[in-house]
Structures are given as C-alpha cells and as structure tokens.
Amino acid sequence: HCIIFRGTGARAGGDAGLAARRRGAYFNAHTDQDLSLFEIALPVEDADFAFRHQRALLFGLELGPEDLASEKEIILEELSMLEDDATRLGIALVQNSVFKGHPYEQPVYGSRDIIRAVTADQVLAFYRAYFVPSNAVMALVGDFDLAGMEAKVRAAFGDIPNAAAPPASFPKASRLEKSVERTEYLDVSEATLVLGWPAPDADHPDQFALDVLTEVCGRGVNPMLNGVLRGGRRELVKTLSMSYLARRFGGIAILVMTLDPKNVAAA
C-alpha cells in the first residue's frame with residue numbers, strides 16, 4: 001500500500017499513478033504469504049517509462065508518519081470490509097486452520113493492533129532490508145527484441161545499490177493431525193461453506209496434477225462438482241468454485257460454496 005500509493009523521492013504516490021494512467025498503463029500490486037508482486041502493463045514503446053516508473057516506486061520509497069497514518073486508515077477499513085465478506089473471511093479462517101502452527105497461519109493483512117502500532121521507521125527498516133535487487137525477480141512478457149529490452153533493463157536498474165536480504169528459511173507446512181470445524185455468524189441471509197485441504201507445495205511434482213484436478217472438479221465451463229452438488233432433484237448449493245494455491249513451503253486446496261443454511265450439513 002505505501003509503495004504504490006504513498007510516495008518516492010521523485011514524486012508522490014498519486015502523481016505516479018496519474019503519470020502511468022496518462023500513458024494508458026495499468027499498474028497494481030498484490031501480496032501473499034511468499035511475495036509481493038508489482039505489475040505494470042502498457043505499450044512496448046513505453047518500456048523506458050515503465051522501468052523508470054517501477055524503479056521509483058520499488059526502490060525509492062520515502063515514508064513519513066503522516067503518510068503512514070493515512071494508509072493505516074485505508075488498510076483498517078479494508079480489514080473491516082474483509083470481516084464483513086463471508087467468502088473472504090471464510091477463506092482466511094480456513095487458511096488459518098490448515099496452516100496452524102506455521103508462519104502461513106498469519107494473515108497477510110495483519111492485525112489491527114500491529115497496524116495501529118507500527119511506525120514509519122519500522123516500515124522503512126523492513127523495506128530497506130527486503131526490497132533489494134538480490135531479493136527480486138523480473139518477468140517481461142510482450143512483443144519485443146530480447147537483447148534490446150535487456151539493455152533497457154540494465155540501463156534502468158543496473159546502478160541500484162544491492163545487498164543480501166535476510167534469508168527466508170521456514171519449515172514445510174505439516175499435515176493436519178485432525179479436521180477442524182469453525183462457524184462464524186454474520187448478518188447475511190445466505191450461508192457460505194468453505195472447505196480447505198493441505199496440498200502440494202510449489203516445488204512438488206504433483207502440483208500440476210492438482211491444477212488439472214482443480215479445473216476439472218471446481219472450475220471451467222461445467223465442473224464435475226456441479227453434478228454432485230447442483231444436479232439432480234435437490235440443489236444443495238447455489239454457486240461453487242475451487243482453487244489451489246501452491247506456495248513455497250506448503251499448498252492449500254479450497255472449495256467455496258454458497259447455499260441455503262439448511263443445506264450446509266448435507267452439502
């Protein structure tokens with residue numbers, strides 16, 4: 001949030017966003033348990049601008065107490081929205097249970113107490129330790145000359161001071177010793193049933209098979225679970241979707257269903 005919305009030594013976060021939109025660019029960022037992803041998409045002839053833009057955002061953060069305070073309010077509001085969203089809350093609780101006792105148990109969005117207490121100096125210390133070239137990977141996709149684009153990348157990023165980031169070494173997530181059930185009550189008329197299972201991690205050869213299984217069972221045009229849960233004389237669920245997240249130290253398969261509360265046990 002602070003990196004893409006607050007500011008850099010070159011321009012404020014809002015100015016950076018405006019400059020990108022004037023070029024017709026799309027840019028955004030996402031964070032999960034393993035990494036932060038920053039993306040920008042625009043015409044290939046604007047590659048030099050894209051590199052300057054991303055360099056300023058990713059390696060030039062400046063953050064003061066007032067900037068952080070403004071961003072905290074936004075994040076706390078998003079946290080409230082998550083807690084009111086049955087699907088997002090259910091997925092978060094399932095991940096918490098599947099990865100119990102592992103660092104993946106911790107929610108990406110943090111807790112209110114930590115968000116309120118963190119200081120700009122603490123955020124910057126974390127940023128300076130981890131946002132270094134040796135801890136980053138860049139992927140470029142498009143219609144361009146590889147050698148010419150590599151030269152542009154070296155010109156844009158080659159002089160950034162480098163350092164070794166703190167090592168990220170964690171144990172593999174273990175299997176669940178027993179199943180876990182949890183019920184949360186929200187002010188909604190429809191029930192959301194979320195099921196989660198430990199699954200292969202990103203280095204496991206079975207991840208590709210589980211990708212296919214996920215698509216066949218719970219995604220695509222006509223997933224097989226439709227026939228089980230939505231076919232026949234009794235429609236147990238209204239919607240269903242399945243996903244598989246393969247992370248570095250563990251994976252999780254998730255099935256989400258919306259349904260009438262009286263059908264939860266049968267589903």
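This report walks through two helices, a pocket and two single residues of a predicted model.

Local features here need pLDDT of at least 70 and side-chain atom pairs count only at pLDDT 80 or more, while totals for chains, interfaces and linings use all residues. Residues are numbered from 1 along each chain as its sequence is written, and side-chain values use heavy atoms, with hydrogens and water left out.

**Helix α5 and its surroundings**

Let's start with α5, which covers residues 86-98. (Helices are DSSP runs of H or I with at least four residues, strands are runs of E with at least two, and both are numbered from the N terminus.) The end C-alpha atoms of α5 are 18 Å apart, which agrees with the 18 Å that its 13 residues should span at 1.5 Å a residue; the expected span is 1.5 Å times one less than the number of residues. At the N-terminal end, D85 acts as a cap, with a side-chain oxygen 3.0 Å from the backbone nitrogen of T87.

Buried residues of α5 include L89, L93 and V98; buried means under 20% relative accessible area, exposed over 50%, and partly exposed in between, using a 1.4 Å probe and protein chains only. The buried residues of α5 pack against α4 (65-84), β3, β4 (239-246) and β5 (251-259).

**The second largest pocket**

This pocket has a volume of about 1100 Å³. On a 1 Å grid over the protein atoms alone, a pocket is an open set of points with protein on both sides within 12 Å along at least five of seven lines, and lining residues have an atom within 4 Å of a point. The volume is the space filled by probe spheres set on the points, which are joined across faces, edges and corners.

Of the 32 lining residues, R182, T183, T192, L193 and V194 are the closest to the centre. Both α5 and β3 (191-199) give two or more residues to the lining, and β3 has the largest share, 8 residues. By type, the lining divides into 19 nonpolar, 7 polar and 6 charged residues. Here Ala, Val, Leu, Ile, Met, Phe, Trp, Tyr, Cys and Pro count as nonpolar, Asp, Glu, Lys and Arg as charged, and the others, Gly among them, as polar.

**Helix α3 and two single residues**

Helix α3 (residues 47-59) also has 13 residues and reaches 18 Å, close to the 18 Å expected. Its buried residues include F49, F51 and L57.

| Residue | Element | Relative accessibility |
|---|---|---|
| F27 | β1 (residues 26-31) | 15%, buried |
| A147 | α8 (residues 146-157) | 54%, exposed |

F27 and A266 are 239 residues apart in sequence and 43 Å apart in space, C-alpha to C-alpha. For A147 and D203, the values are 56 residues and 30 Å.

Terms used:
On a 1 Å grid over the protein atoms alone, a cavity is a set of points where a 1.4 Å probe fits but cannot get out, and a pocket is an open set with protein on both sides within 12 Å along at least five of seven lines; lining residues have an atom within 4 Å of a point. Contact means heavy atoms within 4.5 Å. A polar contact is a pair of N or O atoms within 3.5 Å; within protein, one must be able to donate a hydrogen and the other to accept it, and residues adjacent in sequence count only if both atoms are side-chain atoms.
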